[in-house]
Structures are given as C-alpha cells and as structure tokens.
Amino acid sequence: MSLCAANGRLARLRGHLDVDTSPMSQSEISSAAVGGLAAATTSGKSCGGAQPAHKKCYNFEPGRLLLDQVAIITGAGGGIGRATAILFAQQGAKVVVSDLDASKADATADFIRNSCGTALSVPGDVTDPSFPPKVVAAAVAAYGGLHILVNNAGYTWDGMLHKQSEKQWEAMLAVHCTAPFRLIQAASPHMRDAAKRELEQQGRPHPRCILNVSSVSGVHGSVGQANYGTAKAGVVGLTKSVAKEWGPLGIRCNALTFGYINTRLVQSKEKGASIEVAGQQVPLGIPQASGVAAAMKQMIALGRVGAPEEAAGAMLLLASPYASYITGQALEVTGGGWM
Ligand SMILES: NC(=O)c1ccc[n+]([C@@H]2O[C@H](COP(=O)([O-])OP(=O)(O)OC[C@H]3O[C@@H](n4cnc5c(N)ncnc54)[C@H](O)[C@@H]3O)[C@@H](O)[C@H]2O)c1
C-alpha cells in the first residue's frame, strides 16, 4: 500500500475515533485497547471489485462474522450505535442505520458506504408508533430479511426523585422500554415467523439475535436516575422474556449493561448538548463531568472509561457465532467497575 493511502487510512480512522469530544483526552483512554481494535478493523486492503473510483476503502477490511446478516441499529447516528454500525458493517452485515437526527444517521451510512460497506439510512424517532413498522419494512425491502435488531437509541433525563416530573418518568419508559417492545413486535414476522418457517422447511433456522442496551443504572441504581434506572431494568426483563419465548426458534436475545462509555451522554452538561423531546429541549450530559469521570476511574478495575468502539466490540461478541449458546443474559461491560 502506498504511503499516501496509508496516511489517508489513518486520517479516516482518526475521524472515526474522534467522533465524540471528550471530557478526558483521547490519550486517557488506553491507546493500547483502542489501538488494538483499530488495528483489527483497519488492516488495509482495497476492496477492489466493482467499487466506484471515487470511493476510498482505506479502513475496511471486511470480516466475515456477520456476513450477509441484515441488522437494524437504532441510535446509530452517534456514540455506541455509530461505532456498532461501523463494526457490524466491517464484519459483513448489511446495516440499517437509524437515528432521531437524520443528518447523523445519513453521515454514518455514508461513512460505511464510502468505506465499501453496505448501509441504508432510515431516520426516525423510535418512540413514534409508526416508526417500528417503517424501519423493519425498509430493511426487508432493501436487503430481503432481518437477522439482527439492536435496540440502542436512548438518552437520559436526570433529576432527583422527589423533583422528577411524570413527563421525565414517562419519557424514559417510552424510549428505553416501549420502543424496543414495539420494534421487537414489528420485527416478529421477519425474525420469529421467518425462523419458524425455516425450522419447519429446512430443519434449521438462520442465526438471528436481538441486542438490547441497558445500563449499570438498571442493575445497580444511580442517584438522579430513578426514571432511567427503572427503564433500563425493564430492558433486562424484556430481554429475558424474549429469550425464553423465541429461544426455541434459535433467536437469541441479550442485553448489554454498559458502565461509563465515553459518548455525548457523559460529556459535561455545561457543553450544552440537548435532545428535543415533544417540542422540549432536554439537556444531555452530567454536571462537571470531568470530576465524575475521575471518580469513576477510581472504582473501575481497568482504571479508565470505555470507548464507544469497545462497547461496539461487546455488541459484536454477542451478535457473532461465537455467542451461539448465549441468550437471556445481561452482560456487564464496565471495565470491571460496579463489581
Ligand atoms: N455512554 C454511556 O456511558 C452509557 C452507559 C450505559 C448505557 N448507555 C446507553 O447506550 C445507548 C447509546 O447511548 P450513547 O452513550 O451512545 O449516547 P449518544 O447520545 O452518543 O447516542 C445515542 C443516540 O440515540 C439517538 N436517540 C435518542 N433518542 C432517540 C429516539 N427517540 N429515536 C431515535 N434515536 C434516538 C440520539 O440521537 C443519539 O444519536 C443508550 O441507550 C444509553 O442509554 C450509555
């Protein structure tokens, strides 16, 4: 590979890693860990074939762990969802990228396509009842089926319990519990029913799985997050129920209980990020995040916060054939914190 191509590849990789500005410098996240993942996903080959000349393929050497699997990933415009969409595409999945923020969903899908992956952007609000059938229909129309559903979209709307409004409470249940419930139901004809048909006709269904994103707040509780913690606990109950109902059809369902992952959700509130919910701006982040991050690092065994790429790595682990006998679990991805 030419030096020019190598430099381009590194620049594009840097762009991917720098997606979220951080209260900690990137160097504070173990460069060994992130570098390892980066190396695993960027050893360069051009993808060749019928690729248009303007498309540079610096950082995609597609793997095969999810070859030709069709995956819907919600909240894939940024943070953990974006990193997961890119990693799944690198492993051969055809990815439906979805997000409330259409420009971010489009950017993730463009990035994947420009890097020789296969992706489609279907923006939308997961709490809108018309969204789940729409995104599932788009996936099936574009790629002919559905094998992986990642319920990742979410945000926090913190407040001490005695001051929390019902609106705050309902908003968290809507985005973290009701939306995944509806999405799984909408996916049912193409996951449950399809698997049943395959089982009857061929004796063996395609591998399929659902990943639901929970949080340590849902397992261990968190000050100021009665609404979020309750909703994220609900995610685990939903996960185990689906695992039991759909397990006989070979469909696995697991939850990921993330600790402190370096995304916009854990940036300083003072930076002013927000999300619009029913016409109201909800501020995102945590007050004085750098102090919280420093305290977190004291109680995390690995001594650092996680990178979105590492959260995505855990998603791939559970979606891959290596997890074929793992279902109904809530995997804590915390760097050894909260033990
Ligand atoms: N970052 C952490 O430390 C952490 C820890 C535990 C759990 N989580 C969970 O991980 C998931 C991803 O969060 P993140 O940290 O990557 O944050 P993020 O803000 O970087 O990404 C979340 C994405 O979800 C999208 N989204 C939010 N509400 C939506 C809606 N109603 N419809 C469609 N899209 C919507 C946002 O636009 C955003 O792009 C969330 O469910 C979050 O609760 C994060």
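This is a short tour of a predicted model, stop by stop.

**Stop 1: two packed helices**

Select residues 79–90, helix α3, and residues 308–319, helix α11. The pair packs at an angle of about 55 degrees. Their axes lie 8 Å apart. How are α3 and α11 oriented to each other? They are oblique, because the angle falls outside the ranges for roughly parallel, roughly antiparallel and roughly perpendicular. Now check the hand: α3 and α11 make a right-handed crossing.

Next, show the side chains at the contact. On the α3 side, pick Gly79, Ile80, Ala83, Thr84, Leu87 and Phe88. On the α11 side, pick Pro308, Glu309, Ala311, Ala312, Gly313, Met315, Leu316 and Ala319. Colour these contact residues by type: 10 are nonpolar, 3 polar and 1 charged.

**Stop 2: the largest nonpolar core**

Move to the largest nonpolar core, which has 40 residues. Start with the members that touch the most others: Ile72, Val135, Leu149, Tyr155, Met191 and Ile210. Which elements each supply at least two residues of this core? Select β1 (70–73), α5 (131–143), α6 (166–187), α9 (226–246), β6 (251–258) and β7 (274–277). Helix α6 gives the largest share, 9 residues.

Centre the view on Leu149. Leave out its neighbours within four places in sequence. The residues in contact with Leu149 are then Ile72, Leu183, Ile184, Ala187, Met191, Cys209, Ile210 and Leu211. Of these, Ile72, Met191 and Ile210 are also on the list of core members that touch the most others.

A separate core of 36 residues lies apart from the largest one. Pick out Ile73, Ala119, Phe258 and Ala319, which are among its members. Ala319 also appeared at the first stop, on the α11 side of the helix contact.

**Stop 3: Ala137 on α5**

Go to Ala137, in helix α5. Ala137 has a relative accessible area of 44%, so it counts as partly exposed. Now add His190, 53 residues away along the chain. The C-alpha atoms of Ala137 and His190 are separated by 9.5 Å.

**Stop 4: Thr257 on β6**

Finish at Thr257, in strand β6. Is Thr257 buried or exposed? Buried: its relative accessible area is 0%. Show what Thr257 touches, skipping residues up to four places away in sequence. One group to select is Ser214, Ser215, Val216 and Val219. Another is Ala330, Leu331, Glu332, Val333 and Thr334.

Methods:
Residues numbered from 1 in each chain as written. Predicted model: local features only at pLDDT ≥ 70, side-chain atom pairs only at ≥ 80, totals over all residues. Heavy atoms only, no water. Axes fitted to C-alpha atoms, helices over the stretch in contact; angles between N-to-C directions. Helix = DSSP H or I, 4+ residues; strand = E, 2+ residues; numbered from the N terminus. Parallel < 35°, antiparallel > 145°, perpendicular 65-115°, else oblique. Left-handed = near helix turned anticlockwise from the far one by under 90°. Contact = heavy atoms within 4.5 Å. Nonpolar A, V, L, I, M, F, W, Y, C, P; charged D, E, K, R; others polar. Core = buried A, V, L, I, M, F, W, Y, C linked by side-chain atoms within 4.5 Å. Buried < 20%, exposed > 50% of the residue type's maximum accessible area, 1.4 Å probe, protein only.
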